[in-house]
Amino acid sequence: MGWGNDRIVHEMKKLSLTKNSPSAKAKWVRVPKKFPSPPCPVSSNRMTNPRAVSQWVMPDLPDLAQSLGLETCQRHIFLCADASEPLCCGRAEGLAAWEFLKRRLKEMGLAGARPLVLRSKANCLRVCQNGPIAVVYPEGTWYHSCTPAVLEEIIQNHLLRGQIVPEYVFAQHPTFPKS
Ligand code: FES
């Protein structure tokens, strides 16, 4: 038996502990001392030991990563939209930008089964003005005023061709200087 939840539950039963037992919380503190933690899969070198990740993490994660294109995509854009407290722009404006981004990436074949571009809706990117705010990686390029018209320029130039759109950049990681 491994050191996962099943083993811990088994050992708790042996100790007559249940999840709801009033003393479970106090005794639970001792459990980590009895059961050593598995090695951290993140610190394992996946190139030299490709099985190291799947040994300790959910075994289907590498397949999931492949199907999502996590290791093959070229860029990832995060767009602030539908924030719990929308400050950089109105909720409707942010949502319109997000829907436009999703639709155009799909139409251009950049998203989908083998995506070249990943897109994520961010609750807030902490800039909170002149939005919608977007950031594109790996360049680390921050864009303001990302209306559908501006997003179209970012998609056509930056996401597709790797050419940063300087008119709307307000911050740029030094690894990738503005062109
Ligand atoms: S609410 Fe959009 S960046 Fe904070």
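The following exchange examines how the terms applied to this predicted model rest on its computed values.

Me: What makes the five strands one open sheet, and in which order do they stand?

Reply: The strands follow the order S2-S1-S3-S4-S5, with mixed pairing. Strand S2 (117-122) and strand S5 (169-172) are the edges: each has a single partner strand, so one side of each is left without a neighbour in the sheet. Neighbouring strands are turned against each other by 20° on average, with direction ignored.

Me: How do you know that strand S1 and strand S3 are paired?

Reply: Pairing requires at least two bridges between two strands. Four bridges join S1 (residues 75-80) to S3 (residues 134-137), so the requirement of at least two is met. These two strands run antiparallel, and Ile77 stands opposite Val136 in S3.

Me: Where do helices H6 and H7 lie relative to the strands?

Reply: Helix H6 (residues 91-107) lies across S1 and S2, and its direction makes an angle of about 165° with S2. Helix H7 (residues 148-161) lies across S1, S2, S3 and strand S4 (141-143), running at about 20° to S3.

Me: How does the span of H6 compare with the one expected at 1.5 Å a residue?

Reply: The expected span is 1.5 Å times one less than the number of residues. For the 17 residues of H6 this gives 24 Å, and the helix reaches 24 Å from its first C-alpha to its last, close to expectation. After H6 comes Gly109, whose phi is positive, near 70°.

Me: Which residues of H6 are called buried, and why are they said to be on the same side?

Reply: A residue counts as buried if 20 or more other C-beta atoms lie within 10 Å of its own. In H6 the buried residues are Gly94, Ala97, Trp98, Leu101 and Leu105. They cover an arc of only 100° around the axis, and therefore fall on the same side of H6. Their cover includes S1, S2 and H7.

Me: What is found on the other side of H6?

Reply: Ala92, Glu99, Arg103 and Glu107 are exposed there; the term applies when 12 or fewer other C-beta atoms lie within 10 Å.

Me: What do the totals for the protein show?

Reply: Buried residues make up 19% of the 179 residues. Among contacts between residues at least 6 apart in sequence, 53% join residues at least 24 apart. The protein has seven helices and five strands, which run from the N terminus as α-α-α-α-α-β-α-β-β-β-α-β.

Note on methods:
Residues numbered from 1 in each chain as written. Predicted model: local features only at pLDDT ≥ 70, side-chain atom pairs only at ≥ 80, totals over all residues. Contact = placed C-beta atoms within 7 Å. Axes fitted to C-alpha atoms, helices over the stretch in contact; angles between N-to-C directions. Arc of directions from axis to C-beta.
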